[in-house]
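Here is a short report on one protein model. Keep the sequence and the 3D view open while reading.

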Amino acid sequence: MTRPDCILQPGFKPLTFPDVTCLGSLSPAEVYTIDNPLDWDKGSEWAARADFLSEDAVIVAISLNTLGWKSGLITNRLGNDILGENVVAELRRLGIEGEFVLDPSIDTPYEIVISDKNGGRTYLWKRKVDVLSTMEESDLSVMTGSKFVYADAYDWPYNAPGLKQANKLGIPVLLNMEDLAYIDKCGLDVYSIATTVQVSLTGDLSENFVLNWVDEALAFGVRDVIITRGEQGAYYISKAVRASVSAPNINLVDANGAGAIFASGFLSGYLNNMSPTESVKFGVAVSSLSCERAGTDLPDLDKINTVFKHLKLSTL
């Protein structure tokens, strides 16, 4: 229940529900791009910077909005401060649906990201429990008529009420695992929650290990799994299809947020009635080109479509 000192932001009166509702934490942020990884106690000149709204769920919501879809956001409360007010104003300007709450008992979180041209990044942030836990009290009604729900494993257990509601309503869920380490999070039953799972193939895990886990996930009821592979593209795997999509050559500037932007491209393809593999191709095109600039703004749609048409799809 909302406390009486919290301020509900006006604007959430949907005549139709969002195509996709994104469920996850939110923080205003800024990113600085540099040429090479930082050395401690040595300065570095930054090449470009950008302000953006951070955490994957809000990046997916904004990217889908840019691609022409109606998106909703269920997120944590923000502080009743200038940062919080600016975030809500930006969400309203973009047309993101949802109930956003300014709470004077907390401070709006903030994040600073350093991203280099090798695809690496580091960041300064605070994921405080008193902020994250406010997700558990969020109004879930925005998702009611959505065609898909997007969520991140790293927000568990604070996103649990929203995920359970999506399952109750029969709405398919794209769960971004990001790292298979989240599979061991207490109470996170990926196999019953997720329709589609997105996972990153990082240097810490062998490809065989991830592929073996994919077979297990499919056996336990997950419909399909997407494995993002950075500059090598992505895999799409279901019981019937095992495919690989190559990535285009790009001038890498900032890979921050690329996984979330990929998810928005995949979901956009799904909403456009593309096949799953074509949706993955579109996701690879969008996310790859987004890495050519600082921040999380999407490139021109004509350029995305040109790259999309030329990406190679092969059988695993």
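The report covers helix packing, nonpolar cores, one strand residue with its neighbouring helix, and some backbone features. The model is predicted.

**Helix packing**

Start with helix α7 (residues 258-271) and α8. Their axes lie 7 Å apart, and the angle between them is about 145°. The crossing is right-handed. From α7, the residues in contact are Ala-258, Ile-261, Phe-262, Gly-265, Phe-266, Ser-268, Gly-269 and Tyr-270. They meet Pro-276, Ser-279, Val-280, Phe-282, Gly-283, Val-284, Val-286, Ser-287 and Ser-290 of α8. By class, the contact of α7 with α8 holds 10 nonpolar and seven polar residues, with no charged ones.

Next comes the pairing of α8 (residues 276-290) with α9 (residues 301-310). These axes come within 9 Å and cross at roughly 125°. That angle makes α8 oblique to α9. Here too α8 passes α9 in a right-handed crossing. On the α8 side, the contact involves Glu-278, Lys-281, Phe-282, Ala-285, Val-286 and Leu-289. On the α9 side, Leu-301, Lys-303, Ile-304, Asn-305, Val-307 and Phe-308 take part. The contact of α8 with α9 has eight nonpolar residues, one polar and three charged.

**Nonpolar cores**

Which residues have the most contacts inside the largest nonpolar core? They are Leu-73, Leu-91, Leu-267 and Val-280, in a core of 54 residues. A second, separate core has 35 residues, including Leu-188, Leu-218, Val-222 and Val-225. Leaving out residues up to four places away in sequence, Val-280 touches Ile-226, Ala-234, Tyr-236, Val-245, Phe-262 and Phe-266.

**Leu-53 and helix α1**

Leu-53 sits in strand β4 (residues 48-54). Is Leu-53 buried or exposed? Its relative accessibility is 10%, so Leu-53 counts as buried. Beyond four places in sequence, Leu-53 touches Leu-26, Ser-27, Pro-28, Val-58, Ile-59, Ile-62, Val-87, Glu-90 and Leu-91. Asp-184 is 131 residues from Leu-53 in sequence, and their C-alpha atoms are 28 Å apart.

Helix α1 (residues 56-66) is largely enclosed by the rest of the structure, because nine of its 11 residues are buried. The buried residues of α1 are Asp-56, Ala-57, Val-58, Ile-59, Val-60, Ala-61, Ile-62, Ser-63 and Leu-64.

**Backbone features**

Positive phi values occur at these residues.

| Residue | Phi | Place |
|---|---|---|
| Asp-41 | about 70° | loop between β3 (27-34) and β4 |
| Glu-55 | near 90° | loop between β4 and α1 |
| Gly-68 | about 100° | just after α1 |

Asp-41 is not a glycine, yet its phi is positive. Glu-55 is likewise a residue other than glycine. Their surroundings can be compared by accessibility. Asp-41 is exposed, with a relative accessible area of 74%. Glu-55 is buried, with a relative accessible area of 9%.

Where is the cis peptide bond? The bond runs from Trp-156 to Pro-157, with omega near 10°. Pro-157 lies in the loop between β10 (148-152) and α4 (160-169).

Conventions. Residues numbered from 1 in each chain as written. Predicted model: local features only at pLDDT ≥ 70, side-chain atom pairs only at ≥ 80, totals over all residues. Heavy atoms only, no water. Axes fitted to C-alpha atoms, helices over the stretch in contact; angles between N-to-C directions. Helix = DSSP H or I, 4+ residues; strand = E, 2+ residues; numbered from the N terminus. Parallel < 35°, antiparallel > 145°, perpendicular 65-115°, else oblique. Left-handed = near helix turned anticlockwise from the far one by under 90°. Contact = heavy atoms within 4.5 Å. Nonpolar A, V, L, I, M, F, W, Y, C, P; charged D, E, K, R; others polar. Core = buried A, V, L, I, M, F, W, Y, C linked by side-chain atoms within 4.5 Å. Buried < 20%, exposed > 50% of the residue type's maximum accessible area, 1.4 Å probe, protein only.
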